[in-house]
Amino acid sequence: MAYEIPTPKYLRVLNTLRKRIEDGDYAPGAALPSESQLCTEFGVSRPTVLKALGILKQDGWIESQQGKGSFVRGRPASGRTSPGYARDAVALDETGETEILHVGPVLASPRIAAELRIPEGTPVYERRRRTISEVGPVDLIATFVPVDIAVGTDITKPDPIPGGLLDLIARHKGLRADYATERMTARRVSQDEAEALEVPADESVMSVVITVHQASGEPILSSVLVMPGSRHEIEDTYALS
């Protein structure tokens with residue numbers, strides 16, 4: 001099934017600015033055009049420009065200086081290699097000790113929409129699975145892939161994918177993973193998660209949102225990893241190579 005989703009105005013601004021940074025049109029340390037100049041260039045409102053700049057800042061492409069404007073940092077730092085749990089979440093061979101719980105289209109939640117930079121409620125493909133050990137479930141992973149990346153691949157099929165999703169996407173779509181952003185929080189388990197993980201309803205869990213990007217900064221997929229027993233919050237960026 002094909003979906004025609006109009007590109008949001010802020011995403012047009014964001015992608016253009018990021019490409020200019022990537023191509024060297026805006027070198028590290030250079031000032032970006034002012035908000036009013038960007039509004040005029042793209043024919044959009046100030047809130048639209050602020051949203052685009054906010055995402056660029058959050059992802060490490062630019063920095064803002066009070067009273068001076070926004071300045072280029074370059075591509076986000078990717079010196080740290082990914083931790084094991086993160087690599088498993090986005091690249092695990094599903095033919096191992098995993099159980100597929102759901103495969104199919106869902107509507108992007110606000111958090112997933114923000115990570116994938118698409119409008120909230122946009123259809124995406126979900127692959128939800130849990131890792132099983134001798135003592136029971138270890139973690140719960142839901143991976144969300146944009147429709148245009150998922151269609152024409154085994155991502156839309158319920159069978160386990162050997163070699164992992166990133167290898168499959170690279171082979172069939174030519175999209176190479178370069179770096180990932182990670183946002184980790186501790187919270188109480190939801191009812192569905194408690195049942196899948198076989199833990200008490202008041203269990204504390206670590207929820208990690210891991211979004212994989214191409215070198216250009218375009219997101220490829222986003223995974224939500226839930227593991228029992230955590231009480232901290234961090235945010236990080238690391239290389240996938």
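Q: In this predicted model, why are α1 and α3 called oblique to each other?
A: Their axes make an angle of about 50°. Angles under 35 degrees count as roughly parallel, and 65 to 115 as roughly perpendicular. About 50° fits neither of those ranges, so α1 (residues 9-23) and α3 (residues 46-58) come out as oblique. The axes are 8 Å apart, and the crossing is right-handed.

Q: What makes the contact between α1 and α3?
A: On the α1 side you'll find Lys9, Tyr10, Val13, Leu14, Leu17 and Arg18. From α3 come Thr48, Lys51, Ala52, Leu53, Ile55 and Leu56. Sorted by class, that's eight nonpolar, one polar and three charged residues. Lys and Arg count as charged, so Lys9, Arg18 and Lys51 are the charged ones here.

Q: Why are α2 and α3 described as roughly perpendicular?
A: Helix α2 (residues 35-42) packs on α3 at an angle of about 110°. The roughly perpendicular range runs from 65 to 115 degrees, so this pair gets that label. Their axes are 9 Å apart. The contact itself is built from Glu35, Leu38 and Cys39 of α2, plus Arg46, Val49, Leu50 and Leu53 of α3. By class, that contact has five nonpolar, no polar and two charged residues. Cys counts as nonpolar, so Cys39 goes in with the leucines and Val49.

Q: How do you know that α1 is roughly perpendicular to α2?
A: Check the angle again: α1 and α2 pack at about 110°. That value sits within 65 to 115 degrees, so α1 is roughly perpendicular to α2. The axes are 11 Å apart here, and α1 passes α2 in a right-handed crossing. Arg12, Val13, Thr16, Leu17 and Arg20 of α1 touch Leu38, Glu41 and Phe42 of α2. The split is four nonpolar, one polar and three charged. Thr falls outside the nonpolar and charged lists, so Thr16 is the polar one.

Q: What makes up the lining of the second largest pocket?
A: Helices α5 (110-116) and α8 (191-197) and strands β4 (123-133), β5 (136-146), β7 (204-213) and β8 (219-228) each supply at least two residues. There are 18 lining residues, and the closest to the centre are Glu126, Ala142, Phe144, Glu193 and Val224. The pocket's volume is about 420 Å³.

Q: How do the residues of that lining divide into nonpolar, polar and charged?
A: You get nine nonpolar, three polar and six charged. Glu counts as charged, so Glu126 and Glu193 are among the charged residues of the lining.

Key. Residues are numbered from 1 along each chain as its sequence is written. This is a predicted model: local features need pLDDT of at least 70, side-chain atom pairs count only at pLDDT 80 or more; totals for chains, interfaces and linings use all residues. Side-chain values use heavy atoms; hydrogens and water are left out. Axes are lines fitted to C-alpha atoms, for helices over the stretch in contact, and angles run from 0 to 180 degrees between N-to-C directions. Helices (H or I, at least four residues) and strands (E, at least two) are DSSP runs, numbered from the N terminus. Angles under 35 degrees count as roughly parallel, over 145 as roughly antiparallel, 65 to 115 as roughly perpendicular and the rest as oblique. A crossing is left-handed if the near helix is turned anticlockwise from the far one by less than a right angle, and right-handed if clockwise. Contact means heavy atoms within 4.5 Å. On a 1 Å grid over the protein atoms alone, a cavity is a set of points where a 1.4 Å probe fits but cannot get out, and a pocket is an open set with protein on both sides within 12 Å along at least five of seven lines; lining residues have an atom within 4 Å of a point. Grid points are joined across faces, edges and corners, and a volume is the space filled by probe spheres set on the points.
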